[in-house]
Amino acid sequence: MRTHLAALLALLIATGCTVGTGAVVKGAGPDDLLKLREGPGLNHKIIIGLPDGTRLTRQNCVTNNGKVWCRVFLTDKPSISGYVSADYLAHR
């Protein structure tokens with residue numbers, strides 16, 4: 001049990017998945033958008049595309065098929081929320 005708890009804690013620290021923390025979209029590229037999805041995975045419907053620099057507030061993160069997905073909402077428009085890949089989030 002301690003091994004699982006330590007692994008989970010390491011994952012949370014590595015991905016910065018602390019509820020309520022600020023994040024910014026980074027790495028989507030100049031000609032692409034990070035997809036905000038209805039659920040944690042590529043099979044979920046896209047809500048909106050987010051360009052690099054979009055300010056988000058992170059809620060919780062989950063792992064789905066080996067990828068970490070974080071539930072976020074737009075900092076400037078909290079009514080818009082969904083899931084994004086943690087690979088494209090940076091601390092703000």
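Two strands pair if DSSP finds at least two bridges between them. Keep that in mind while moving through this predicted model.

**Stop 1: strand 1 and its two neighbours**

Select residues 22–25, which make up strand 1. On one side of the tour's path is strand 7, residues 89–91, which pairs with strand 1 in the antiparallel sense over 3 bridges. Strand 1 is also joined by 3 bridges to strand 4, residues 55–64, and these two strands run antiparallel as well. Now pick Ala23. Its bridge partner in strand 4 is Leu56, and in strand 7 Ala23 stands opposite His91.

**Stop 2: from strand 4 to strand 5**

Follow strand 4 onward and add strand 5, residues 67–74. Strands 4 and 5 run antiparallel and are joined by 7 bridges. To see one of the facing positions, select Val62 and its bridge partner in strand 5, Trp69. The two strands form a hairpin with 2 residues between them. In that turn, click on Asn65, where phi is positive at about 55°.

**Stop 3: the disulfide**

Select Cys61 and Cys70 and show their side chains. They form a disulfide, with the sulfur atoms 2.1 Å apart. A search of the whole structure finds 1 disulfide. The angle about the S-S bond is 95°, and the link is right-handed. Are the two cysteines buried or exposed? Buried means under 20% relative accessible area. Cys61 has 19%, so this residue counts as buried. Cys70 is buried too, with a value of 0%.

**Stop 4: strand 5 and strand 6**

Colour strand 5 by accessibility: 6 of its 8 residues are buried, so the strand is mostly covered. Next add residues 77–85, which are strand 6. A hairpin joins strand 5 to strand 6 through 2 residues. The two strands pair in the antiparallel sense over 6 bridges. For one such position, select Phe73 and its bridge partner in strand 6, Ser81.

**Stop 5: the largest pocket**

Finish by selecting the residues that line the largest pocket, among them Gly27, Asp32, Leu34, Arg37, Lys67, Trp69, Ser85 and Tyr88. The volume of this pocket is about 220 Å³. Which strands each supply at least two residues of its lining? They are strand 2, residues 34–37, and strand 5. Strand 2 gives the largest share, 3 residues. Colour the lining by residue type to see 6 nonpolar, 2 polar and 4 charged residues. Trp69, the bridge partner of Val62 at the second stop, is one of the lining residues.

Notes: Residues are numbered from 1 along each chain as its sequence is written. This is a predicted model: local features need pLDDT of at least 70, side-chain atom pairs count only at pLDDT 80 or more; totals for chains, interfaces and linings use all residues. Side-chain values use heavy atoms; hydrogens and water are left out. A disulfide is a pair of cysteine sulfur atoms within 2.5 Å. Buried means under 20% relative accessible area, exposed over 50%, partly exposed in between (1.4 Å probe, protein chains only). Helices (H or I, at least four residues) and strands (E, at least two) are DSSP runs, numbered from the N terminus. On a 1 Å grid over the protein atoms alone, a cavity is a set of points where a 1.4 Å probe fits but cannot get out, and a pocket is an open set with protein on both sides within 12 Å along at least five of seven lines; lining residues have an atom within 4 Å of a point. Grid points are joined across faces, edges and corners, and a volume is the space filled by probe spheres set on the points. Ala, Val, Leu, Ile, Met, Phe, Trp, Tyr, Cys and Pro count as nonpolar, Asp, Glu, Lys and Arg as charged, and the others, Gly among them, as polar.
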